[in-house]
Amino acid sequence: MEKIEITICTGTTCYVMGAGKLLLLAEELGESLSQRVEIKGSACLELCKEGRYGKAPYVMIGEKVLSEATTESVLEEIKRLLAD
């Protein structure tokens, strides 16, 4: 079973805009999802430099960029990927 890789940007802007809360995402997954997801932080994903990815905080879910990420939006995307 391949895990979904989630990378949360923890750079200053992202952290201030809510990435700190996203780092607690593992607590929201529940047992069934936590076995299928790998969560890690990144000092900076460099997605805010050109402004073409929207606003912080940024989360990479596999190859997909999620801007203005919230716990709810990340959980929705995880569930969508697992349903495919």
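Visitor: In which strand is the place of S42?
Guide: This is a predicted model. S42 falls within residues 37-42. That run is strand β2.

Visitor: Is S42 buried or exposed?
Guide: The cut-off for buried is under 20% relative accessible area. S42 has a relative accessible area of 17%, so S42 is buried.

Visitor: Which residues is S42 in contact with, leaving aside neighbours within four places in sequence?
Guide: Strand β2 holds S42. Once the neighbours within four places are set aside, five names remain for S42: T7, I8, C9, T10 and G11.

Visitor: What pattern does the protein chain follow along the sequence?
Guide: The protein chain has three helices and four strands. Read along the sequence, they give β-α-α-β-β-β-α.

Visitor: Which residues touch the most other members of the largest nonpolar core?
Guide: This core has 22 residues. β1 (4-9), α1 (12-22), α2 (26-34), β3 (59-61) and α3 (71-83) each supply at least two of them. The residues touching the most other members are I6, L29, V59, I61, V74 and I78.

Visitor: Which element gives the most to this core?
Guide: Among the elements that supply at least two residues are β3 and α3. The element that gives the most supplies four residues, and that is β1.

Visitor: What does V59 touch, not counting residues up to four places away in sequence?
Guide: V59 is among the core residues that touch the most other members. Beyond four places in sequence, V59 touches I6, T7, I8, L22, K64, V65, L66, A69 and V74.

Visitor: Is L66 buried or exposed?
Guide: L66 is found in strand β4. Buried means under 20% relative accessible area. L66 stands at 15%, so L66 counts as buried.

Visitor: Which residues is L66 in contact with, leaving aside neighbours within four places?
Guide: V59 touches L66. Leaving aside neighbours within four places in sequence, the list for L66 is P57, Y58, V59, I61, S73 and V74.

Visitor: How many Å separate the C-alpha atoms of L66 and L45?
Guide: Along the chain, L66 and L45 are 21 residues apart. In space, their C-alpha atoms are separated by 12 Å.

Visitor: Which residue does a cis peptide bond join to A56?
Guide: Omega of this bond is about 0°. The partner of A56 is found in the loop between β2 and β3. The cis bond joins A56 to P57.

Visitor: What is phi of E46?
Guide: E46 is found in the loop between β2 and β3. E46 is partly exposed, with a relative accessible area of 49%. Its phi is a positive value in a residue other than glycine, near 55°.

Visitor: What is phi of E68?
Guide: E68 lies in the loop between β4 and α3. Its relative accessible area is 49%, so E68 is partly exposed. Phi of E68 is positive, in a residue other than glycine, and is near 50°.

Visitor: How far apart in space are T70 and L25, C-alpha to C-alpha?
Guide: The place of T70 is in the loop between β4 (64-66) and α3. T70 is partly exposed, at 34% relative accessible area. T70 and L25 are 45 residues apart in sequence. C-alpha to C-alpha, their distance is 9.5 Å.

Visitor: Which residues is T71 in contact with, leaving aside neighbours within four places in sequence?
Guide: T71 has its place in helix α3. T71 is buried, with a relative accessible area of 17%. With neighbours within four places left out, T71 is in contact with K21, L22, L25 and E28.

Visitor: What radius of gyration does the protein chain have?
Guide: Its C-alpha trace spans about 35 × 25 × 20 Å along the principal axes. With 84 residues, a compact globule would have a radius of gyration near 12 Å. The protein chain agrees, at 12 Å.

Visitor: What share of contacts between residues at least 6 apart in sequence joins residues at least 24 apart?
Guide: Of the 84 residues, 33% count as buried. Among contacts between residues at least 6 apart, the share joining residues at least 24 apart is 65%.

Visitor: How far apart lie the centres of the positive and negative side chains?
Guide: The protein chain exposes about 5400 Å², and carbon and sulfur atoms supply 48% of that. There are 10 positive and 14 negative side chains. The centres of the two sets lie apart by 3 Å.

Conventions:
Residues numbered from 1 in each chain as written. Predicted model: local features only at pLDDT ≥ 70, side-chain atom pairs only at ≥ 80, totals over all residues. Heavy atoms only, no water. Core = buried A, V, L, I, M, F, W, Y, C linked by side-chain atoms within 4.5 Å. Buried < 20%, exposed > 50% of the residue type's maximum accessible area, 1.4 Å probe, protein only. Contact = heavy atoms within 4.5 Å. Rg over C-alpha atoms; globule rule 2.2 N^0.38 Å. Areas by Shrake-Rupley, 256 points an atom, 1.4 Å probe, with all protein chains shown as cover. Lys, Arg positive; Asp, Glu negative; His and termini not counted. Charge placed at Lys NZ, Arg CZ, Asp CG, Glu CD.
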